[in-house]
Structures are given as C-alpha cells and as structure tokens.
Amino acid sequence: MTAITIPTDLWEGDDETVITAWFASEGATVSEGALIAEIMTAKTQYEIHAPAGGRLHILHDVDAVVAKGAVIGEVT
C-alpha cells in the first residue's frame with residue numbers, strides 16, 4: 001500500500017486545502033505518475049499524481065477539506 005498525501009511544502013499560509021476533483025474512480029487501476037486528483041488552496045490549484053501504480057482507494061471525496069500532510073487515498 002502506498003499512501004496518497006497532500007504535500008506539505010507546496011505553499012505557505014493555509015494549513016488546509018479542498019479536494020476539487022478525482023480524475024480516477026474508486027477501484028480504478030492507475031499508473032505511477034498519472035494525474036489522479038486536484039486540490040485548491042485559497043489562491044492556487046495543484047495536481048496530485050499517483051505515487052505508485054496499482055488500484056486506487058479514495059479516502060476523501062470531492063469538496064472534502066483536508067490538512068497538509070493528510071492521506072487522501074491509497075494505491076494498492
């Protein structure tokens with residue numbers, strides 16, 4: 001299992017972000033490096049890429065507010 005986490009070093013200020021999109025569905029097979037999600041801070045949108053290849057398990061839905069460093073999904 002490889003955790004998909006919200007980066008802690010991309011922005012300063014806000015400690016929370018919102019998941020604005022998942023580009024792969026629960027249980028989908030993803031490739032390492034594939035664009036799988038998007039998050040939005042108060043000022044900037046960021047892309048989240050798969051840290052490994054495998055089956056995607058989503059732990060937080062779109063519009064969820066999550067903290068920096070939070071695990072939002074897993075690849076198994």
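Student: Before the sheet in this predicted model is described, what must DSSP find for two strands to pair?

Tutor: Two strands count as a pair on the basis of the bridges that DSSP finds between them. The number required is at least two bridges.

Student: In which order do the four strands of the open sheet stand?

Tutor: The sheet is open, and its strands pair in the antiparallel sense. Read across the sheet, the order is β1-β8-β6-β3.

Student: Why is one side of β1 and of β3 left without a neighbour in the sheet?

Tutor: β1 covers residues 2-5 and β3 covers residues 29-30. One side of each lacks a neighbour because both stand at the edges, each with a single partner strand.

Student: Which residue of β6 stands opposite V30?

Tutor: β3 pairs with β6, which spans residues 54-58, in the antiparallel sense over two bridges. The residue of β6 opposite V30 is G54.

Student: Is V18 buried, partly exposed or exposed?

Tutor: V18 belongs to strand β2, residues 16-22. Its relative accessible area is 29%. Buried would require under 20% and exposed over 50%, so V18 is partly exposed.

Student: How far apart in space are V18 and I39, C-alpha to C-alpha?

Tutor: With residues up to four places away in sequence not counted, V18 touches E38, I39, M40, D63, A64 and V65. V18 and I39 are 21 residues apart in sequence. Their C-alpha atoms are separated in space by 5.5 Å.

Student: What percentage of residues 16-73 is strand?

Tutor: An unreviewed UniProt entry places the feature "domain: Lipoyl-binding" at these residues. The end C-alpha atoms of the span lie 16 Å apart. Its helix content is 0%, and its strand content is 53%.

Terms used
Residues numbered from 1 in each chain as written. Predicted model: local features only at pLDDT ≥ 70, side-chain atom pairs only at ≥ 80, totals over all residues. Heavy atoms only, no water. Buried < 20%, exposed > 50% of the residue type's maximum accessible area, 1.4 Å probe, protein only. Contact = heavy atoms within 4.5 Å. UniProt positions renumbered as here; feature names shortened; annotations may be inferred.
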